Amino acid sequence: MNSVDPAVTVATLAPFATVRQGQMIATVKIIPFAVPLADVQAVRAELSETSPLEVAAFRSARVALIQTERAGLKASVLDKTAGVTQARLDRSGSRIIREERIAHNAGALAQTLRAVAEECELILVFGASAVSDAHDVIPAGIRTARGVVKRVGMPVDPGNLLVLGELEGKPVIGAPGCSRSPKENGFDWVLDRILAGLEITDRVFSGMGVGGLLGEIATRPAPRERTQPFGEKREAGFKGLKVHAIVLAAGRSSRMGGKNKLLAKFGGEPLIRRVVSRVLESGAATATVVSGHQADLITAALVGLPVKAVLNPAYAEGMATSLQTGLAALPSDVSGVLVVLGDMPEVGAEDLARMKKTFEARGGTVIVRATNDGKRGNPVILPRACFAEIAALHGDTGARAIIESGAFEVVDIELGQAASVDVDTPAALQAAGGILPG
């Protein structure tokens, strides 16, 4: 249809996109004011009696979830997997009606598969270790249960290690390890097609390779990474990495009774100026301050400092928009971004410098996170490889979902209480030594 005349355009979502009721899936536009009738007729001639567009409706299913266990695998990981999986099933109105946690061996899996097959329509299996070949525990368990293994592996990354089988006419999916994360992977593609009643043949699987690179895995060596000379220590790092900083300062200080906590005085200095000064002292290539609420006052508090101030007009929608605004303002040579909250008075320049040094020593491919007694905190350094995922964030969660997705190696740097002390309330601000503006 689009080949008839550039003036007549048809645009659709990508094939197999998951859609919801009321969502636009295609547009037809006449670019100029009018086109010859012959062109319109030629476009219509391309249409057959069957619509070129189709939406396959999801069908709700009763699902059995099986997770195998080995020593050292925490129960919290299994609990999280169950929650993430149910969230995926919510798209189709499906639900987990039975969950089993069993030993990681083919015999135990086969016995459990036979037991749950009677009461469910779909079986999902998460292994305690990755599938290495067609004779590993999950495919072996399916065959031992007198099922059929249709596929081991798929050309979608993350998601390569998926297993697809069938038992008593019911699909069995051996989920890859990446599907313990809510981040999109090959498991989503197979799960959604099955629940929409679409056949997945070998040819369909093969075709998934085009567009199947869903995300870069930070820990995997890439051709563009510089190799280290023989004998050079890892700690020497990678020269040329540029870590730029973003200071988030757009919040409304909603629990401060109408006053802006970032303007509170610490030792006679506004908090936001204190934080930004330490960022500048850390060795970050540049510092960008993202403002929103009372942006003029925030900017005034930074007069004289070599920073770039940018305004986030959508700051009320949550932290994600401020992070995206800051990211868009960074120079093109950025290797990683140091994200600092503007309300953390105890994080020192030496703390930030230590995080930056760790990021550089690991080649700029890891997430570096501050912790307090082993518990997650702030600031954080995010590698360039996850910037596309930052662009897809929404709401007030910041980058937490990316950090905890499992797609990137996370290196924790213990900063003590500095990593967790913020000043969200008047009492917390006073305890930290701050004085609210009059």
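The following paragraphs go through two sheets, the helices beside them and a few side-chain details of a predicted model. Local features are given where pLDDT is at least 70 and side-chain atom pairs at pLDDT 80 or more, while totals for chains, interfaces and linings use all residues. Residues are numbered from 1 along each chain as its sequence is written, and side-chain values use heavy atoms, with hydrogens and water left out.

One open sheet has six strands in the order β4-β3-β5-β8-β7-β6, with mixed pairing. Strands here are DSSP runs of E of at least two residues, helices are runs of H or I of at least four, and both are numbered from the N terminus; two strands pair if DSSP finds at least two bridges between them. The edges are held by β4 (95-103) and β6 (148-152); each has a single partner strand, so one side of each is left without a neighbour in the sheet. From one strand to the next, the twist averages 20°. Within this sheet, β5 (residues 122-126) and β8 (residues 170-175) are paired in the parallel sense over four bridges. Val-125 has Gly-174 of β8 as its bridge partner. Helix α3 (residues 106-117) packs on the sheet and touches β3 (62-69), β4, β5, β7 (163-167) and β8. Its direction makes about 160° with that of β4, where axes are lines fitted to C-alpha atoms, for helices over the stretch in contact, and angles run from 0 to 180 degrees between N-to-C directions.

Strand β5 also takes part in the one aromatic pair that a search of the whole structure finds. The ring centres of Phe-126 and Phe-187 are 6.0 Å apart and the planes are at 70°, so the pair is edge-to-face. Rings of Phe, Tyr and Trp (its six-membered ring) pair if their centres lie within 6.5 Å; planes under 30 degrees apart are stacked, over 60 edge-to-face and the rest tilted. Because Phe-126 lies in β5 and Phe-187 in helix α5, the pair ties together parts that are 61 residues apart in sequence. Both rings belong to buried residues (buried is under 20% relative accessible area, exposed over 50%, partly exposed in between, with a 1.4 Å probe and protein chains only).

Helix α5 (residues 186-195) also holds Asp-188, which is buried at a relative accessible area of 6%. Apart from neighbours within four places in sequence, Asp-188 is in contact (heavy atoms within 4.5 Å) with Arg-88, Arg-91 and Lys-183.

A second open sheet has seven strands in the order β13-β12-β9-β14-β16-β15-β17, again with mixed pairing. Here β13 (308-311) and β17 (410-414) stand at the edges with a single partner strand each, so one side of each is left without a neighbour in the sheet. The twist averages 25° from one strand to the next. Strands β9 (residues 243-249) and β12 (residues 287-291) pair in the parallel sense over five bridges, and Ile-246 has Thr-288 of β12 as its bridge partner. Helix α9 (residues 319-328) lies across β9, β12, β13 and β14 (336-341), at about 145° to β9. Helix α10 (residues 349-361) lies across β9, β14, β15 (367-372), β16 (375-383) and β17, at about 55° to β16.

The structure holds zero disulfides, a disulfide being a pair of cysteine sulfur atoms within 2.5 Å. For Cys-386, the nearest cysteine sulfur is that of Cys-178, 17 Å away. Cys-386 is buried, with a relative accessible area of 0%.
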